[in-house]
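Biologist: I am new to this structure and would be grateful for a close look at a single part of it, namely the helices and the side chains they carry. Please set out the account in a connected form.

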Amino acid sequence: MKKSAGSAENLSVMEKIRRFISDTVAEMGRCTWPNRQQLLESTILVVVAMSVLACFVAAVDEVAMRLIRLVTVGNL
């Protein structure tokens, strides 16, 4: 299979790095970024979701610990 002259394999390491950075900057320019209000709402949502998840995991851990203690030792 014949490779074209402009293929990525024919580029030097510095040219590949330059192309990567150029492509990354171009892609970042096409992105839509959240405004301050959207960012605040998303942050609050993540903090609340993680708090709920942490409470759930703590509750499951407590129940599992008590059940294991009940089975192994015989009392709570």
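Modeller: Two helices and zero strands make up the secondary structure of the protein, as seen in a predicted model. Helix H1 covers residues 13–30, and helix H2 covers residues 36–72.

Before turning to single side chains, the overall exposure deserves a word. The protein has 76 residues, of which 1% count as buried. Its accessible surface comes to about 7,100 Å², and carbon and sulfur atoms account for 68% of that surface.

Helix H1 may be taken next. Phe20 has its place in this helix. With a relative accessible area of 58%, Phe20 lies above the 50% limit and is therefore exposed. Phe20 also belongs to a nonpolar surface patch of about 630 Å². The other members of this patch are Val13, Met14, Ile17, Ile21 and Val25.

Charged side chains of helix H1 form a contact of another kind. Glu27 and Arg30 are joined by a salt bridge, in which the closest N and O atoms are 2.6 Å apart. The two residues stand three positions apart in helix H1, so about one helical turn separates them. Glu27 is partly exposed, at a relative accessible area of 42%, whereas Arg30 is exposed, at 57%.

Helix H2 holds a salt bridge as well, formed by Glu62 and Arg66. Here the closest N and O atoms are 2.9 Å apart. Because Glu62 and Arg66 are four residues apart in helix H2, they too are separated by about one helical turn. Both partners are partly exposed: Glu62 has a relative accessible area of 32%, and Arg66 has one of 41%. A search of the whole structure finds two salt bridges, namely Glu27 with Arg30 and Glu62 with Arg66.

The cysteines complete the picture. A disulfide is a covalent bond between the sulfur atoms of two cysteines. When a pair of cysteine sulfur atoms must lie within 2.5 Å to be counted, the number of disulfides in this model is zero. As for their surroundings, Cys31 is partly exposed, with a relative accessible area of 32%. Cys55 reaches 55% relative accessibility and so counts as exposed.

In summary, helix H1 contains Phe20, a member of the nonpolar patch, as well as the pair Glu27 and Arg30. Helix H2 contains the pair Glu62 and Arg66.

Conventions: Residues are numbered from 1 along each chain as its sequence is written. This is a predicted model: local features need pLDDT of at least 70, side-chain atom pairs count only at pLDDT 80 or more; totals for chains, interfaces and linings use all residues. Side-chain values use heavy atoms; hydrogens and water are left out. Patches are made of residues with over 30% relative accessible area and no salt bridge: like charges are joined within 9 Å, nonpolar side chains (Val, Leu, Ile, Met, Phe, Trp, Tyr) within 5 Å. Accessible areas come from the Shrake-Rupley method with a 1.4 Å probe; for residues, only the protein chains shown count as cover. A salt bridge is a side-chain nitrogen of Lys or Arg within 4 Å of a carboxyl oxygen of Asp or Glu. Buried means under 20% relative accessible area, exposed over 50%, partly exposed in between (1.4 Å probe, protein chains only).
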